[in-house]
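Me: I am new to this structure and would be grateful for a close look at a single part of it. Please choose one part, explain what surrounds it, and then place it in the whole.

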Amino acid sequence: MRAADPRIVLGLHRSGHERRLLTGALDLGVTALDTSTNYLGFRSHRILAAAAGDLLPKFSLSTKVGYFPGPDRTEHSLSPDRLHAAVEQAVRDLGREPDLVFLHNPEHSLQEAAPYSRDILAQACAALNAAAAKGLCGAWGVASWDPSPLPSLIDATVPKPSVLMVRAGLLVGTRTLDATEALAEAWGLEEGTVWGMSPFGGSTRAPIWEKSDPRVFLEGGNGFSRIQAAFRAAFHLPQVSTIAVGTDEPTHLGELLGALAGKVDERAIREYRSLLRDRLRSQPV
């Protein structure tokens, strides 16, 4: 089977939600947005609709539910009623139904060995499945920052998401990479339904991108910048078809689009994964 062409989603995690960014993305051919109910102090949906409500029909739009404003701090909940209500509120705030709603970091409220964790996860997934069935969103998925507790909780009672989104890139540890692959296998997810996020670990200005040269992961990598090479390699760490990346600058988005033309050296990726596993085994327990 031919692998899906790599694709970029504009993530709004650290974005100011400026209209010029959205028009710039459209000019570059980026027509997918990803946000969350809790971004910008739980105001992302309303700000997005106010700044660019007329542009939103031109994008496929994903968002996330799972975090809620509390009296003293942000709360996380997998309550089916709260999740369903959050999807309904997202529709009202955005002025349209999202194409995709993610269950946001379910591991925040789950422990692998805790009793009833499987039932809690199954009920949360069922709530989003029901929201999609009612037409409140086009489909639902799971976004997980640390998927390690999840694979052992998956069985036939846990509804299957349409998309799984996880961390991707050279800064992701081998435990997370292995857990992602185990989770995708447990759910029987098809190729093209796993997305990546945070490919630079939060910043392209971190010292590591000056100290290392990710171009070794590309065939003919000298034709690309280090940031472009790191981004292109992220599609293979783990294997993802789509990456959500945040920026406030259309020029940066254009640079990353240019990276998609790079051809990844899959042998170098395999050797890197092997080195990560060897390093983990050598660490003291």
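Reply: A definition is needed at the outset: helices are DSSP runs of H or I with at least four residues, strands are DSSP runs of E with at least two, and both are numbered from the N terminus. By this rule, Arg273 has its place in helix H10, which covers residues 266-282. What is shown is a predicted model.

Under the same rule, the protein chain has 10 helices and 12 strands. The part chosen for the close look is strand S1, which comprises residues 7-11, together with the elements that pack around it.

The setting of S1 is a closed barrel. Eight strands form this barrel in the order S1-S2-S3-S6-S7-S8-S9-S11, and their pairing is parallel. From one strand to the next, the twist averages 30°.

On one side, S1 pairs in the parallel sense with strand S2, residues 32-34, over two bridges. Leu10 has Leu33 as its bridge partner in S2, and Gly11 has Asp34 as its partner in that strand. S1 is also joined to strand S11, residues 242-246, by five bridges, and these two strands likewise run parallel. Here the bridge partner of Gly11 is Gly246. Gly11 is thus bridged both to Asp34 in S2 and to Gly246 in S11.

How enclosed is S1? Of its five residues, four are buried, and the strand is therefore largely enclosed by the rest of the structure. Two helices contribute to its surroundings, namely H1 and H9.

Helix H1 spans residues 19-28, and its residues Leu21, Leu22, Gly24 and Ala25 are buried. Viewed down the axis of H1, these buried residues fall within an arc of 160°, so they line one face of the helix. A general point explains such a pattern: an α-helix has 3.6 residues a turn, so residues three or four places apart point the same way. The buried residues of H1 pack against S1, S2, helix H3 (44-52) and helix H9 (250-259). Just after H1, Gly29 adopts a positive phi of about 90°.

Helix H9 has a comparable arrangement to describe. Its buried residues are Pro250, His252, Leu253, Leu256 and Ala259. Around the axis they cover an arc of only 160°, which puts them on the same side of H9. The buried residues of H9 pack against S1, H1, helix H8 (226-234) and S11. S1 is accordingly packed against by buried residues of H1 and by those of H9.

The same region takes part in the nonpolar interior. The largest nonpolar core has 74 residues, and those that touch the most other members are Leu10, Leu22, Leu103, Leu121, Trp187, Phe200 and Phe231. Helix H5, residues 117-133, supplies the largest share of this core, seven residues. Another core lies apart from it and has 11 residues, among them Leu100, Ala139, Ala143 and Trp195. As for Trp187, its contacts beyond the neighbours within four places in sequence are Cys125, Val142, Ile154, Val158, Pro159, Lys160 and Pro161.

Further along the barrel order, S3 offers a second view of the interior. Thr63 lies in this strand, and with 0% relative accessibility it counts as buried. Beyond neighbours within four places in sequence, Thr63 is in contact with residues including Asp34, His45, Leu100 and Phe102. Asp34 is the residue that is bridged to Gly11, which links this view to S1. Thr63 and His45 are 18 residues apart in sequence, and their C-alpha atoms are 8.9 Å apart in space. Helix H4 (residues 80-94) lies across strands S3 (60-65) and S6 (100-104), and it runs at about 140° to S3.

It remains to return to Arg273 in H10. Is it buried or exposed? Its relative accessibility is 8%, and because buried means under 20%, Arg273 counts as buried. Leaving aside neighbours within four places in sequence, Arg273 is in contact with Leu177, Asp178, Glu181 and Leu237.

Finally, the whole chain gives the scale. Of its 285 residues, 51% count as buried. A compact globule of that length would have a radius of gyration near 19 Å, and the chain agrees with this, at 19 Å. Along the principal axes, the C-alpha atoms fill a box of roughly 50 × 50 × 40 Å. Among contacts with a separation of 6 or more, 75% come from residues 24 or more positions apart.

Note on methods
Residues are numbered from 1 along each chain as its sequence is written. This is a predicted model: local features need pLDDT of at least 70, side-chain atom pairs count only at pLDDT 80 or more; totals for chains, interfaces and linings use all residues. Side-chain values use heavy atoms; hydrogens and water are left out. A nonpolar core is a set of buried Ala, Val, Leu, Ile, Met, Phe, Trp, Tyr and Cys residues joined through side-chain atoms within 4.5 Å. Buried means under 20% relative accessible area, exposed over 50%, partly exposed in between (1.4 Å probe, protein chains only). Contact means heavy atoms within 4.5 Å. Two strands pair if DSSP finds at least two bridges between them. Axes are lines fitted to C-alpha atoms, for helices over the stretch in contact, and angles run from 0 to 180 degrees between N-to-C directions. The arc is that of the directions from the helix axis to the C-beta atoms. The radius of gyration is taken over C-alpha atoms; the globule rule is 2.2 Å times the number of residues to the power 0.38.
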